[in-house]
Amino acid sequence: MRALGLAFSLSLLAFSLSAQGVMVAPHAVFIDHTQRSGSVLLYNPGTAPVEVTISTIFGYPTTDSTGGIKLDTLPRDSATSALAWIQAFPRRLTVGPRERQTVRLLARPPIGLADGEYWLRLIIAAQAGRVPITGLGDTTAIQVGLTLEVRTIIGVNYRKGPVTTGVSLSNVRAQVVGDSVITRAKLERRGNAAFVGMIRETLVDSTGRVHELQVGDSLVRSYASPVGVYYTMEPRLASAIARPALARGRYWLRYEVVAEREDLDPKVVLKAPAVRDSVPIIVP
Amino acid sequence: MKRESWVLIAVMLLGVPLSLAAQGKPLTVTGVRGVTFGAVLPGVPRVVLRTDPANSGQFDIRGPKGGPVLLSFVLPLRMTGPAGALMPIVFGASDAGFSSTQSIGSQVGFDPRQPTTVIFPSNGNVSVFVGATANPGTNQRAGAYTGTIILTVTYL
């Protein structure tokens with residue numbers, strides 16, 4: 001029965017794959033210095049050929065002044081850039097309907113490269129992701145429409161020698177705004193590799209009882225947000241407080257950063273000690 | 001049933017190469033529907049809401065459960081028409097919406113002019129909807145006007 005259910009689900013998935021787009025796997029590439037190469041597979045589930053352009057940039061996630069995540073592509077900190085010595089090829093390719101193509105990543109690191117982790121980002125621009133609009137044939141009237149294009153950017157992490165990571169936590173702040181808990185905290189990476197993990201937030205009252213949070217339609221005891229700390233970041237997180245609303249009083253926000261990620265192979269997630277803090281929240 | 005059998009079922013149904021599945025969880029970004037304003041009148045702004053099921057733009061994104069992505073748009077300031085004629089277009093602070101259920105009726109609005117972080121839900125499927133306002137001039141030249149919205153999905 002389970003097999004039938006799975007087959008049914010997968011057949012629905014197959015149907016939905018008929019739209020335009022390109023599938024990229026894996027969603028994060030880790031290259032070891034002993035191998036010096038990697039690959040990314042592109043699959044075209046559509047019925048039209050996809051023109052794909054591959055390019056690379058150096059960049060890593062950081063936060064802006066409001067705590068929003070952004071991809072910092074400025075050239076500073078270029079000591080960790082692998083842009084000059086990891087090449088992707090081919091740079092242009094056509095993926096036929098229901099076909100796959102492989103993009104090879106070849107590393108030629110400089111002699112004497114220090115142990116540690118080096119980064120770049122792979123940009124996959126798919127022209128078949130361009131969706132035309134209809135009804136523009138009439139030239140006697142004013143007809144208007146916007147087409148769509150899609151680009152996918154994945155990370156490439158190159159690891160040489162012993163790599164370690166960790167994170168320090170400071171300046172945790174939390175407040176209730178409306179029906180949400182808003183937090184900021186400063187995270188600084190330790191070691192010679194990016195910290196890839198998760199932030200967990202738990203709201204407890206003065207007796208230690210957990211007040212549930214809401215994620216979509218689900219109630220959770222802890223709100224979890226994946227995070228990658230490449231240098232320093234100060235992310236702003238907002239989690240919805242489950243009903244009933246908080247009564248007046250004093251609460252605590254437990255803030256925890258752990259080296260766990262459910263979306264990545266555990267083999268590539270570097271181990272690091274968890275860090276924790278708690279801050280009071282007053283509901284007037 | 002053995003794990004290999006499940007994989008075989010997936011490959012047969014999806015047509016996805018076995019080596020692709022073996023590479024890890026894929027990330028797919030699909031442009032589903034462009035923003036359609038249709039016929040507009042000179043001097044009369046035409047608004048397409050992100051909740052408009054027929055005319056709003058739609059992107060579908062599929063990725064691994066719990067995975068974080070950054071959504072950022074490149075938005076046109078104007079659209080190009082006949083003989084190089086231009087028409088301004090405006091995107092407001094709530095002209096984009098994200099749905100973790102892929103339902104146009106269940107969106108969380110966001111500003112398409114600012115990057116936004118999204119976490120894939122359990123089934124890994126999300127949709128992004130886009131609206132905009134076209135502002136034809138009073139003496140706007142007749143013909144077809146087009147522009148392009150580019151969505152960049154960055155895996156964090």
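This tour moves through a predicted model, naming at each stop what to select and what is found there.

**Confidence of the complex**

Begin with the whole assembly, to which the predictor assigns an ipTM of 0.87 and a pTM of 0.86. Next, colour chain B by pLDDT: the mean is 86, and 85% of the residues of this chain reach 70 or more. Two segments of chain B should then be selected separately. Over residues 1-5 of chain B, pLDDT stays under 50, and the model has three contacts beyond four places in sequence for them. Over residues 7-23 of chain B, pLDDT likewise stays under 50, with 32 contacts beyond four places in sequence in the model. Predicted coordinates should not be read in detail where pLDDT is low.

**Chain B as a whole**

Switch chain B to a cartoon, which should display two helices and 13 strands. This chain has 156 residues, of which 52% count as buried. Among its contacts between residues at least 6 apart in sequence, 74% join residues at least 24 apart. A surface drawn on chain B exposes about 6600 Å², and carbon and sulfur atoms supply 58% of that area.

**The largest nonpolar core**

Select A:Leu42, B:Phe37, B:Ile61, B:Phe73 and B:Ile149, the residues that touch the most other members of the largest nonpolar core, a set of 64 residues. Strand S11 of chain A, residues 142-160, provides the largest share of this core, with eight residues. A second, separate core has 32 residues, including A:Phe195, A:Leu253, A:Ala272 and A:Val279.

Now centre the view on A:Leu42. Beyond four places in sequence, its contacts include A:Val22, A:Met23, A:Val24, A:Val52, A:Ile54, A:Leu93 and A:Ile124. The polar or charged side of the same contact list can be displayed by selecting A:Glu99, A:Arg100 and A:Gln101, which are also among the contacts of A:Leu42.

From A:Leu42, step to A:Ile54, which lies in strand S4 of chain A, residues 50-57. A:Ile54 has a relative accessible area of 2% and is therefore buried. Beyond four places in sequence, its contacts include A:Leu42, A:Ala88, A:Pro90, A:Arg91, A:Val103 and A:Leu122. A distance drawn from A:Ile54 to A:Ala126, C-alpha to C-alpha, reads 9.0 Å, although 72 residues separate the two in sequence.

**Aromatic pairs**

Display the Phe, Tyr and Trp rings next; the structure holds ten aromatic pairs over all chains. Select A:Trp85 and A:Tyr158: their ring centres are 4.9 Å apart and their planes stand at 85 degrees, so the pair is edge-to-face. It links distant parts of the chain, 73 residues apart: A:Trp85 is in the loop between strands S6 (69-72) and S7 (86-89) of chain A, and A:Tyr158 is in strand S11 of chain A. A:Trp85 is buried at 9% relative accessible area, and A:Tyr158 is buried at 0%.

Proceed to A:Trp119 and A:Tyr230, whose ring centres lie 4.7 Å apart with planes at 80 degrees, so this pair is edge-to-face. A:Trp119 is in strand S10 (residues 116-131) of chain A and A:Tyr230 in the loop between strands S18 (223-229) and S19 (232-233) of chain A, so the pair ties together parts 111 residues apart in sequence. Both A:Trp119 and A:Tyr230 are buried.

Extend the selection to A:Phe58, A:Tyr60 and A:Tyr231, which ring pairs link with A:Trp119 and A:Tyr230 into a cluster. Finish by adding A:Arg189, which lies over the face of A:Tyr231 at 5.4 Å from the ring centre.

Technical notes:
Residues are numbered from 1 along each chain as its sequence is written. Chains are lettered from A and ligands numbered from 1 in the order in which they are written. This is a predicted model: local features need pLDDT of at least 70, side-chain atom pairs count only at pLDDT 80 or more; totals for chains, interfaces and linings use all residues. Side-chain values use heavy atoms; hydrogens and water are left out. A nonpolar core is a set of buried Ala, Val, Leu, Ile, Met, Phe, Trp, Tyr and Cys residues joined through side-chain atoms within 4.5 Å. Buried means under 20% relative accessible area, exposed over 50%, partly exposed in between (1.4 Å probe, protein chains only). Helices (H or I, at least four residues) and strands (E, at least two) are DSSP runs, numbered from the N terminus. Contact means heavy atoms within 4.5 Å. pLDDT is the predictor's confidence in each residue, from 0 to 100. Rings of Phe, Tyr and Trp (its six-membered ring) pair if their centres lie within 6.5 Å; planes under 30 degrees apart count as stacked, over 60 as edge-to-face and the rest as tilted. A charge sits over a ring if NZ of Lys or CZ of Arg is within 6 Å of the ring centre and within 35 degrees of the ring normal. Accessible areas come from the Shrake-Rupley method with a 1.4 Å probe; for residues, only the protein chains shown count as cover.
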